[in-house]
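Reader: I'd like a close look at a single part of this model, please. Take me through it atom by atom, with the cut-offs as you go.

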Amino acid sequence: MQKRAWAVAALAIGLAGTFAWGSERSADPAARQGQRPNILIVTVDTLRADHLSVNGYGRETSPNIDRLLNGGVHFTDARTVEPLTNPAMCSMLTSRAPSTHGATRNGLRLRPGLSSLTSALSDYGYRTGAFVGNWTLRDRLSGLGEHFEHYEEVLNRRRWFGLVRSEATAEDLTDIASGWIEHHVEHDDWRPFLAWVHYVEPHAPYRFQKDHAEILDGVERPKKRDRYDTEIAFVDAEIGRLLDRVEAVSPGGRTLILFASDHGESLGEHGYWGHGRNLHEPNLRIPMGLTWAGRVPARQIDSPAMITDLAPTVLGLLNMPRPGEFEGFDWTAVIDGAEAPVGRVTRYEAHKGAVLAKHASDTARRAGLLQVATLVDGRKEILTIKKDSVSAFDLEQDPGEVRPLAPGIATRVREWYVAVKEALSREAGLPAQQLDEESIAALKSLGYVD
Ligand SMILES: [Zn+2]
């Protein structure tokens with residue numbers, strides 16, 4: 001456990017003993033823990049929203065995720081802010097764009113001392129635990145450990161003979177995270193928990209999950225896309241197991257559950273396989289939802305939503321103050337029946353995938369920007385930095401982004417570029433960091449190139 005986490009825990013316990021929680025304590029541990037909901041955040045790496053059966057996909061890839069999304073608010077038009085694991089997950093937890101939190105690429109750490117969902121909840125006594133299955137989220141690479149009391153990297157690299165693995169399987173994550181939650185509920189008689197579980201499947205290389213081959217309905221030679229789908233079915237089954245175990249110790253309305261992917265995946269669209277290098281919809285669109293039985297009604301929200309909205313929305317639902325630095329939108333009023341805002345402008349960044357060389361991180365930050373984009377009322381503008389050229393699309397008429405419009409002056413996206421550049425130059429003062437050889441090898445094995 002880290003120093004700051006201890007300090008926060010001690011502060012929270014002190015508060016509990018004096019005034020904030022003192023009057024709420026009772027003899028029944030379940031009742032005491034039930035004062036505020038437990039929170040479970042489930043994120044799935046590289047999961048495209050349109051490959052889920054709940055969104056009309058032709059294969060039964062996701063019965064458990066479907067159940068989750070159908071049980072609460074399902075954001076059907078949600079996007080990540082940058083299609084890379086570390087930047088996106090740092091943005092989800094800090095509700096900031098990558099250019100303002102500093103972790104713009106895999107291998108660059110989050111700026112220390114930022115407000116986050118977890119630091120806000122720690123102040124209210126939450127015990128926070130993270131269980132991450134992607135090498136890029138290691139604390140030494142991401143800096144995310146500061147935001148959790150318990151930060152566990154589930155990375156079984158030597159499980160298979162001679163093969164350097166940079167990720168755990170979903171089974172490991174489910175078992176380890178569930179074990180921590182069960183232990184916490186059994187032994188802690190008043191603090192609610194927040195647990196974040198990040199599954200790495202279906203990140204490339206897409207493995208053929210033969211136990212889930214039935215979803216392919218007789219395909220004899222599974223291609224990449226088919227293997228990708230079996231990985232979704234595999235992780236979905238593990239999410240089902242996780243939800244069952246959590247439900248057993250923290251049933252129904254006692255648990256607020258967030259679900260999202262960190263980014264999508266381009267499966268050949270625009271001549272590209274993978275994620276991170278462009279800001280087209282297959283990279284940006286993510287599944288996203290929030291359930292809390294008895295408080296959040298089951299409904300769809302079709303207005304544009306962002307991964308950075310999750311943190312302020314959770315605090316809004318819990319009636320907790322929102323840190324002033326949060327950039328996301330709090331959907332609580334809309335969940336409670338207000339009209340969704342119209343004309344919202346959302347903004348995106350793409351940076352090079354990973355810092356693989358041992359050079360100073362400020363150079364890597366400023367040199368890594370590939371594209372920026374804006375979206376408002378269905379009009380998307382993407383500025384490619386190297387070419388200084390803008391592509392514009394009408395997503396309603398052209399969801400595949402194959403018929404560019406005349407870009408015009410593209411003032412909005414150019415203003416966003418100026419803001420990102422300014423933010424990146426402010427980040428230049430961060431201490432440089434160097435990657436060890438093991439991390440460089442692991443990042444390369446995940447397919448990241450400088
Ligand atoms: Zn990812």
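**A close look at the zinc ion**

Author: Let's start with Thr 85, which counts as buried because its relative accessibility is 0% (buried is under 20% relative accessible area, with a 1.4 Å probe and protein chains only). Keep in mind that this is a predicted model, where local features need pLDDT of at least 70, side-chain atom pairs count only at pLDDT 80 or more, and totals for chains, interfaces and linings use all residues. Numbering runs from 1 along each chain as its sequence is written, and side-chain values use heavy atoms, with hydrogens and water left out.

So what does Thr 85 bind to through OG1? The zinc ion: Thr 85 is one of its protein donors, together with Asp 45 (OD), Asp 262 (OD) and His 263 (NE2), at 2.0 to 2.1 Å. A donor here is an N, O or S atom within 2.8 Å of the metal (3.2 Å for Na, K and Ca), and since water is not among the atoms, a site may look incomplete.

Now the geometry: the four donor atoms subtend angles of 100 to 120° at the zinc ion, so the arrangement is tetrahedral (all angles between 85 and 135 degrees). For reference, the ideal tetrahedral angle is 109.5 degrees.

Along the sequence, the donor residues follow the spacing D-x39-T-x176-D-H. Asp 45 and Thr 85 sit 40 residues apart and link distant parts of the chain: Asp 45 is in the loop between strand E1 (38-44) and helix H3 (63-70), while Thr 85 belongs to helix H4 (residues 85-94). Helices (H or I, at least four residues) and strands (E, at least two) are DSSP runs, numbered from the N terminus. Asp 45 is buried too, with 0% relative accessibility.

Technical notes:
Tetrahedral: all angles 85-135°; square planar, octahedral: opposite > 155°, others 65-115°. Buried < 20%, exposed > 50% of the residue type's maximum accessible area, 1.4 Å probe, protein only.
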